[in-house]
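I opened this notebook to record a series of look-ups in one structure. The entries follow the order in which I worked.

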Amino acid sequence: MNPKFPVCCAIILASMHASGAAPAPEDPKVPKRGFSLQSPADQVGVDCGKRNALFYLGEEIAFHLTASPAFKSPPWDRFEVRDYWGEIVEKGSLTADAVTLKSQPPGWYKLYIFGKPVADPGKQKTPEEKFLDGDKTTEKEDEARHAAWQFRQWYGDAVGGTMFVVIRDQPNFPKLPAPKGSYPPPGGEGDGVMRAVSGMGPRRHSANAAKPEESIKAMEAEIAVDRDLYLPGDPVRPRALLIAFSNGTKGHLDGVKQIVEHFKTSVKYFEPRNEPNGGSSGADFLKNEMIDFYQTVKSVDPALKVVGPGTVCINPLSAGLTFIEDFLQAGGANYIDAFSFHSYNGTNGDLWLARTSMDNLVALLKKYHAGEKELWQTEQGYFAAVYGAYQPRLQGRWTMLEMMVFDQYALPKEHNNLWYDVSHGFWNFPTWWENNDHGFNPALPLMRVFSEELSGTKFSKPYDLGRDGNKLYIGNLYASDKKRVAAFMSAGSPDGKIELVIKGGPAQLHVVSAFGVEKDLPVVAEHVTLPVAELPVYVEFAEGQNVEVVPQDFGLNLARDEGVTVAASGTGAYPSDPKIPNDISKLINGELENWYYTQKTPTQPWMDDTKEFPAWVEVRLPKPQSVGRVVIYAPVPWQMQGTLVDYELQYDDAGKWVTLEHVQEPLKTFKAFTPTTRTKTDSFFSDRHIFQHEFKPVTTGKIRLLVHNVTFGGGATEDVGWAGGQAGAHYLTLREIEIYAK
């Protein structure tokens with residue numbers, strides 16, 4: 001597919017380059033927001049010597065270092081390795097042009113190479129001054145020294161690095177090919193080899209009906225890789241290939257037929273124009289392109305399947321549900337075998353948003369008797385490199401939440417195209433999972449473990465986690481006649497936990513982390529307390545063992561009682577625009593407001609305009625009552641909407657505020673230049689936006705949040721916005737406060 005900017009992406013992004021073309025050079029005297037187009041003069045190259053920076057558990061982890069010939073001595077000084085959570089797992093000095101790391105458990109890691117200290121070179125000397133001082137450095141060396149010092153002032157001491165992964169060696173997955181093996185290296189936008197190695201799902205192959213011969217030649221090598229590595233895959237989880245005619249097919253049906261005819265034995269699914277909602281109604285697209293496309297594909301082989309319409313989103317917008325309903329109302333369901341869509345603004349790391357999006361789509365499909373159609377998501381990916389800020393935990397959490405939710409709607413990973421594959425210079429929408437040095441962002445190793453754990457099973461059922469538990473967690477059971485595995489994931493709190501009841505089998509429960517780390521938990525009186533963080537945790541059933549969930553029902557939400565009021569430290573006006581509705585009662589209305597679904601101002605979460613912290617919010621009950629639990633929902637941190645970082649949960653005791661718990665979420669954000677992603681700040685912030693408090697009951701008429709710090713919208717700190725990430729102003733933003741007696 002040709003690089004393009006999805007229509008709906010313009011809604012969710014606040015900073016971007018104007019086009020996919022090479023941007024203009026930066027002014028070296030001024031640090032810019034967004035991706036860094038400069039590199040440090042003492043940049044260090046890092047090469048793993050393999051096709052990709054993927055190591056099997058127990059394999060030696062080694063990298064070769066290279067430096068610019070402008071430096072007489074190597075510029076590297078030391079290294080660090082951080083894991084997915086931002087913790088340093090190894091560090092040391094560098095004395096040679098290679099580094100061999102300690103063995104690491106399965107996981108995603110980032111290697112930092114730091115340069116030697118760079119002293120302030122002072123004012124650049126004239127040739128005469130150099131001669132008088134006996135300074136024999138060349139002009140080129142002098143310029144490099146000044147450039148290196150300036151770069152350090154802006155972006156820190158990191159001058160090289162890469163991301164690598166450690167995975168388990170599973171015999172039912174293709175092995176990582178050799179660098180110069182029979183399979184092509186990563187190139188352009190796609191890497192079918194690593195899709196197969198990870199088992200993540202299909203690639204949407206792009207055809208141009210106006211140039212059928214050229215398209216056939218380009219796709220032949222790609223599809224050969226899929227035939228060899230991807231399609232054999234997992235016999236219990238059927239796989240299929242997809243070709244999309246992204247540029248449209250009107251007037252080029254002969255080209256469509258030629259391409260379909262050529263690939264009909266390998267490719268089963270065909271999709272027409274990409275995002276036809278751009279400039280067309282659903283009925284017009286059906287009439288002008290879809291029907292002819294459908295008939296052309298079926299004329300080659302009626303068993304082939306047509307997918308469509310592939311709208312940019314499934315929100316209640318003209319580009320989403322409005323277009324889709326127009327398409328279906330005009331009879332569109334008669335001309336598709338599977339319904340396809342793109343999921344921009346459909347999940348955004350928010351369980352409520354994901355379920356709302358899919359529930360309304362499914363309801364619309366059923367309304368027009370298309371509810372039994374297969375579902376395909378043919379273009380969606382999430383950021384690790386966020387316009388100058390590197391935020392790996394965002395990509396990891398958003399990706400896996402989508403996978404877990406989609407399974408509950410009969411949309412497996414085999415029908416879900418994670419887009420893009422490889423960083424290829426199109427910085428408008430940097431959602432790739434493979435960087436241009438062939439190291440990986442977290443989506444790939446997470447999808448590999450997801451594929452490993454689900455191997456040989458199909459989705460069986462969603463777990464009912466209880467009235468309140470279903471807002472806080474998601475759980476799926478995957479099963480076959482030979483294997484059962486459950487997957488659980490928090491909706492947004494890294495310290496979550498659920499209670500499991502274990503019947504039969506051994507006295508331990510085998511669990512696997514999202515990255516493939518295995519351990520056994522003891523079963524005590526048929527119960528296990530399972531930690532459930534912001535990534536999936538997998539529970540592998542032993543023979544004869546059955547696992548069920550204890551539902552979470554906290555009882556009556558006291559904040560919803562008649563007579564409850566809310567007050568805050570601010571004026572009540574929405575900070576950026578006083579015309580935006582900002583009724584503080586949103587905090588106790590039982591709704592989790594999310595602007596990204598309707599994209600209308602009434603659905604903005606409540607925001608406080610207190611400029612100096614601490615800020616406060618009070619929920620005032622009509623009379624003193626016993627309180628033992630409080631749950632706080634902030635927005636998923638993204639763009640203008642932020643989350644809590646440092647606050648005290650307090651209760652009123654006879655006119656005195658008593659602190660029940662002081663929460664301080666680690667920021668884990670610092671300036672660091674990363675050559676392969678062109679980013680200038682790293683943020684390993686958890687994006688925590690759900691805060692659960694359980695405590696010995698107290699009797700009170702008031703609950704207060706005394707807030708000492710919040711994020712800068714989607715950025716953990718001001719540095720994320722400075723780097724160009726999707727950040728906002730420093731204001732308190734909340735969605736809901738729930739209060740329970742138990």
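Entry 1: a loop residue. In which loop is Thr347 found? I located Thr347 in the loop between β13 (338–341) and α9 (351–367). The model I am reading is a predicted one, and I keep that in mind throughout. I then looked up the accessibility of Thr347: the relative value is 0%, so the residue counts as buried. Leaving aside residues up to four places away in sequence, I listed its contacts as Leu353, Ala354, Tyr382, Trp398, Leu401 and Glu402.

I stayed in this loop for Asn345, which is also found between β13 and α9. Its phi is near 60 degrees, a positive value in a residue other than glycine. I noted a relative accessible area of 1%, which makes Asn345 buried.

Entry 2: another positive phi. Arg678 has a phi near 60 degrees, and this residue, too, is not a glycine. I placed Arg678 in the loop between β32 and β33. With a relative accessible area of 14%, Arg678 is buried; the cut-off for that class is under 20%.

Entry 3: cis peptide bonds. I recorded a cis bond between Trp419 and Tyr420, with omega about -5 degrees. Tyr420 lies in the loop that runs between β17 (416–418) and α11. A cis bond also joins Phe613 and Pro614, where omega is about 10 degrees. I found Pro614 in the loop between β28 (606–607) and β29 (615–633).

Entry 4: helix α11. I took up α11 next, which covers residues 443–454. Its 12 residues reach 16 Å from the first C-alpha to the last, close to the 16 Å expected at 1.5 Å a residue. How many of the residues of α11 are buried? I found 12 of 12, and the helix is mostly covered. The buried residues include the charged side chains of Arg448, Glu452 and Glu453. I looked for partners of these three and found them linked with Arg168 and Glu518 in a network of salt bridges. After the helix comes Gly456, with a positive phi near 80 degrees.

Entry 5: salt bridges. My search of the whole structure returned 38 salt bridges. I followed up several pairs.

Glu374 and Lys305 meet through their side chains at 2.7 Å, N to O. Glu374 belongs to strand β14 (residues 374–380) and Lys305 to strand β12 (residues 305–311), so this bridge ties together parts that are 69 residues apart in sequence. I checked the exposure of both partners: Glu374 is partly exposed at 23% relative accessibility, and Lys305 is partly exposed at 22%.

Arg688 pairs with Asp495, and their closest N and O atoms are 3.3 Å apart. Arg688 sits in the loop between β33 (679–683) and β34 (690–710), Asp495 in the loop between β20 (484–490) and β21 (496–503), so parts 193 residues apart in sequence are tied together. Are the two partners buried or partly exposed? Arg688 counts as buried at 8% relative accessibility, whereas Asp495 is partly exposed at 45%.

I also found Arg688 in a salt bridge with Glu665, at 3.2 Å from N to O. Glu665 lies in the loop between β31 (656–664) and β32 (669–674), and 23 residues separate it from Arg688. In this pair, both residues are buried.

Entry 6: packing of α6 and α7. What is the angle between helix α6 and helix α7? I read about 35 degrees for α6 (residues 253–263) against α7 (residues 282–300), with the axes 9 Å apart. The crossing is right-handed. On the α6 side I listed Leu253, Val256, Lys257, Val260 and Glu261; on the α7 side, Asp292, Phe293, Thr296, Val297, Ser299 and Val300. I sorted the residues of this contact into six nonpolar, two polar and three charged.

Entry 7: an exposed lysine. Lys140 is found in helix α3 (residues 139–155). At 62% relative accessibility, I entered Lys140 as exposed. Its C-alpha lies 9.9 Å from that of Phe71, with the two positions 69 residues apart in sequence numbering.

Notes. Residues are numbered from 1 along each chain as its sequence is written. This is a predicted model: local features need pLDDT of at least 70, side-chain atom pairs count only at pLDDT 80 or more; totals for chains, interfaces and linings use all residues. Side-chain values use heavy atoms; hydrogens and water are left out. Axes are lines fitted to C-alpha atoms, for helices over the stretch in contact, and angles run from 0 to 180 degrees between N-to-C directions. Helices (H or I, at least four residues) and strands (E, at least two) are DSSP runs, numbered from the N terminus. A crossing is left-handed if the near helix is turned anticlockwise from the far one by less than a right angle, and right-handed if clockwise. Contact means heavy atoms within 4.5 Å. Ala, Val, Leu, Ile, Met, Phe, Trp, Tyr, Cys and Pro count as nonpolar, Asp, Glu, Lys and Arg as charged, and the others, Gly among them, as polar. A salt bridge is a side-chain nitrogen of Lys or Arg within 4 Å of a carboxyl oxygen of Asp or Glu. Buried means under 20% relative accessible area, exposed over 50%, partly exposed in between (1.4 Å probe, protein chains only). The expected span of a helix is 1.5 Å times one less than its number of residues.
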